[in-house]
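This report is for a reader who has not met this structure before. It goes from a single residue to the whole chain and then to selected helices and loops.

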Amino acid sequence: MSYAELHCLSNFTFLRGASHPAELVERARQLGYAALALTDECSLAGVVRAHAAARDCGLALIVGSEFTLTDGLRLVCLATSRRGYGALARLITRARRAAPKGHYTLERRDLDGGLEDCLLLWLPGPVPALYDGNWLRERFAGRLWVAVELPMAGADRERLARLETLARELGIPAVASGDVHMHQRRRRALQDTLTAIRQKTSVTRAGLALHPNGERLLRPLARLSELYPRALLDATLEIAGRCHFSLGEIRYEYPEEVVPQGQLPSAYLRALVGQGAARRWPDGVPPPVRELLDRELALISELGYERYFLTVHDLVEFARARDILCQGRGSAANSAVCYALGITEVDPARMTVLFERFISRERNEPPDIDVDFEHERREEVIQYLYRKYGRDRAALTATVICYHPKSAVRDVGRALGLDAPQIDRLARAMQWWDGNEVADRWIRDAGLDPANPLLARVLALTRELIGFPRHLSQHTGGFVISRGPLEELVPIENAAMPERTVIQWDKDDLDELGLLKVDVLGLGMLSAIQKALALVSARRGCGFRMSDIPPEDPAVYEMICRADTIGVFQIESRAQMAMLPRLAPSCYYDLVIEVAIVRPGPIQGQMVHPYLRRRSGQEPVEYPGPEVREVLSRTLGVPIFQEQVMQLAIVAAGFTPGEADRLRRAMAAWKRKGSLAPFEQRLVEGMRARGYDEGFARQVFQQILGFGEYGFPESHAASFAFLVYVSAWLKHHEPAAFCCALLNSQPMGFYAPAQLVRDARAHGVPVLAVDVNASDLDSALEPAAGRDPALRLGLDRVRGLSRDGAECLVAARVDGAFRDVGDLARRARLPRRDLEALAAAGALAGLAGHRHLAAWQVLGIEPPLPLLPDAGHKEGIPLLRAPSEGEDVVADYRAVGLTLGRHPLALLRPQLNACGWMPAVDVLRLADGARVTTGGIVLTRQRPGSASGVIFVTLEDETGHVNLVVWSRIADRHRKTLLGARLLGVRGRLQREGDVLHVVVERLEDRSALLGSLAAPARNFR
């Protein structure tokens, strides 16, 4: 006896299904099922994951979906062929597009199209309606069954008899099915919890919304044979035998618009590349480059990828025509073809990009190109795509939003009846740096008892729920574009944002099936660079572009080596700034290495210190063979990039290029799937056969394991390094314009505006306060006494000032400067709340004097009278004292987010000295191993995934910064202080290695009370 389950929901039927698609597939295989149909409700979101699992374990997978019509009729639809799959995807799209995000609407008339090549299971209600059966039979005769589902609810025999009688009366065959919601019974409690979450109630109040038992699972064949007549079980096999469709049949077709009518794609692409090459190399294309271009074009043509490159080229040309800064990256983006097409500014002649990483004969998928656009103008590019291809052929990729500890414990806590204060305390106990771990000790630290029976159940279910999909959101910019209707490839649904639609698959699903995705990504630094270039152009009186920035400026590299990189793209983090003096970049390729080396892959693969020792001459550079030298010479014998690992597998172990790419994929997935073991044996045996020592082979494999966490591709590093240099050049040579552009591009980067402004002032940039008679909407440059301009803070820095109010203020000022607060209120017609915001920010100082007087004058402003709009009377100036320096600083931080006065800790220095706190400038003078007692305002907390639980903290006082290393045991001991302190005191030992130093923490103390109400929130990063 065998069986095929035809009605099964995964956790992609959000808050209903209680098992992952792969868990259901594997369990069905273990039970000996002949096939499994994944039938998530009005969704195909989980089917790719089920397809991959079924392919790997050899189980037949049927693609289907469950629907509930608006009148209550319930159906399961199963695709038998590619045509049937397209009809099913169209139906899901129609239902989803007719309703808001997360819902669907389906009526009977929507089924009148016939659902060609699909089989239907009717799911009758408790009292089956003959009308429904007749209606369905008229439309789907010969491919319709009555689904008999027996969940052991106490009336199974009666239910079976009633449905068999109904089937005979209608002349419709009956079939067994399970209404499966979980792969094993142990998920019953979680399934009940999900139901309560969906119903926005608690488990104790959910009542009949809960299933009466745990029988909606994949049941053993022996148990099924006891419940169902043999004929109904055999019918499942008959239906499964008619369902031949596999997702492997899906073939992507590229859009045609990018090729002019009458031209072949290969000829058109070759012509564009030729034109671009002539622009890139006006003195003639060098023979090696010509050979590389011909080689790439030949392979592109062989694999039929011309339209992919033309699609990206069209996108970039649109952006450039509208002066939208963009930069391509990715393996294919750093090809010679993309350099000639203008997709990237990285010359491949300066790199050694592995061709098979770019595109492979053995890999049936498009190459990888990401294009970063100015984040503030990316929407223009997105809407261009929608206009060009239509919403029926273009949509954003989905992102699956999954439960993390905080969201899981909140939902589970509510479902199990905890009150709001308890839930808040539980959620606060789980922090951003903890990953997916939920430890009992954190619960105890929050004042709760994890051994309490109810709390123990909450925590157990929370741990089980973590990683479950919660809903679909839109990808940051991945677009799928098709030649024909996209809805026949994958269902489309509405996004939460207006004018956006998304498909039901995410990036990994597209990669699995080899579908084209063009990444239209937003990058804040491109916005900042574009704004900085515009400011420089305006000041110089002539156009200034990225191409005008002189390459390889020694002064810029000297600044980088000092780690003077606050605000600089990619190298402003705590870890990067610690690496810069040690690596000491002196050329562009050094920046490529710098970008890639401070990543979890190289760190966990223990590649960083060997590289630094070899670079400094402390360790000889040795290669076990000439092939390895060719691969690793540019990184001194240490593999740093993904491409190098692939090259090593090819030249030293005999891998084919396709096998090397499969190794790359396995490297990215091994922690999830444990799929690297087969490659270890292949790698070791291949190296030994070619004369390499087994120890070297094992060492290479250990480095590969490190890359499994995150190995950065050289192609991405090369693109990023270009922007590193550009932003560093602007910081060094145009510091006022650079800081101004960063302020006008927030939020972005590691540092808040307060630190950016403080850094600019330290570099000699005059910074002027917000002033209603001088400030524009955004920060701007003003002529100053010296050669360099001053930076004037913009009205956008004033918290509480409406955008409309700021625009009205600037427009009214065209007629002349404001004379007083009344004149401002009258001419700009500002509401009281905008005037109060300006007064609090000190922006009325030029009209009213200090903050207290400004606030008084704002209180005296009355709305104008219709007949006497200019009527008013003079009031005497009250004898209000000016705010103290400390009050001004607090008000600055509250209203503007920064102060141009003294640093807050300069005012507290006597108290800090009494605590024994050493200023940061004195800490920097100490010798290695010295005892340190210091402290400061917390700027950033960072816990990189590669740091084995170490927390990096940056403190600031009036003299500079101190970087802390907090080992996990100290972090656990002082968890509350580490997380909550705004003003953090520290005792520890100084560690110094050359110019790199930090304090290894032994003890922490929270002295935030000294700051009073000062608002100085830290930025926390994973």
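Is Arg425 buried, partly exposed or exposed?

## Arg425 and the basis of the model

Arg425 counts as partly exposed because its relative accessibility is 33%. The classes are set by relative accessible area: buried is under 20%, exposed is over 50%, and partly exposed lies in between, using a 1.4 Å probe and protein chains only. Arg425 sits in helix α17, residues 420-428. Helices here are DSSP runs of H or I with at least four residues, strands are runs of E with at least two, and both are numbered from the N terminus. Apart from neighbours within four places in sequence, Arg425 contacts Ala446, Gly447 and Leu448, where contact means heavy atoms within 4.5 Å. Ala271 is 154 residues away from Arg425 along the chain, and their C-alpha atoms are 64 Å apart.

The model is predicted, with local features needing pLDDT of at least 70 and side-chain atom pairs counting only at pLDDT 80 or more, while totals for chains, interfaces and linings use all residues. Residues are numbered from 1 along each chain as its sequence is written, and side-chain values use heavy atoms, leaving out hydrogens and water.

## The chain as a whole

The protein chain has 45 helices and 23 strands. Its C-alpha trace spans about 95 × 80 × 65 Å along the principal axes. For 1022 residues, a compact globule would have a radius of gyration near 31 Å, and the 33 Å of the protein chain agrees with this. That radius is taken over C-alpha atoms, and the globule rule is 2.2 Å times the number of residues to the power 0.38.

Of the 1022 residues in the protein chain, 57% are buried. Among contacts with a separation of 6 or more, 73% are between residues 24 or more positions apart. The accessible surface of the protein chain is about 42000 Å², with 51% of it belonging to carbon and sulfur atoms; such areas come from the Shrake-Rupley method with a 1.4 Å probe, and for residues only the protein chains shown count as cover. The chain carries 128 positive and 125 negative charges, and the mean positions of the two sets are 4 Å apart. Lys and Arg count as positive and Asp and Glu as negative, without His or the chain ends; each charge is placed at NZ of Lys, CZ of Arg, CG of Asp or CD of Glu.

## Helix α12 and His313

Helix α12 covers residues 306-321, and its end C-alpha atoms are 22 Å apart, in agreement with the 22 Å expected for 16 residues at 1.5 Å a residue. The expected span is 1.5 Å times one less than the number of residues. Because 13 of the 16 residues of α12 are buried, the helix is largely enclosed by the rest of the structure. Just after α12, Asp323 has a positive phi of about 55 degrees.

His313 belongs to α12. It is buried, with a relative accessible area of 12%. Beyond neighbours within four places in sequence, His313 contacts Leu272, Leu341 and Ile343.

## Helices α6 and α8

In helix α6, residues 188-198, 8 of the 11 residues are buried. Among them are Leu190, Leu194 and Ile197. The buried residues of α6 pack against α7 (203-206), α16 (405-415) and α19 (453-465). Lys200, just after α6, has a positive phi of about 55 degrees.

Leu221 is in helix α8, residues 221-227. It counts as buried at 16% relative accessibility. Not counting residues up to four places away in sequence, Leu221 touches Met1, Tyr3, Leu31, Gly32 and Tyr33. The C-alpha atoms of Leu221 and Gly328 are separated by 54 Å, with the two positions 107 residues apart along the chain.

## Backbone exceptions in loops

Most residues other than glycine have a negative phi, and most peptide bonds are trans. Met152 has a positive phi near 55 degrees and lies in the loop between β6 (144-149) and α5 (156-170). Ala584 has a positive phi of about 50 degrees, in the loop between α23 (574-583) and α24 (588-597). Met152 is partly exposed at 32% relative accessibility, and Ala584 is partly exposed at 30%.

Gln746 and Pro747 are joined by a cis peptide bond, with omega about 0 degrees. Pro747 is in the loop between α33 (735-743) and α34 (753-762).
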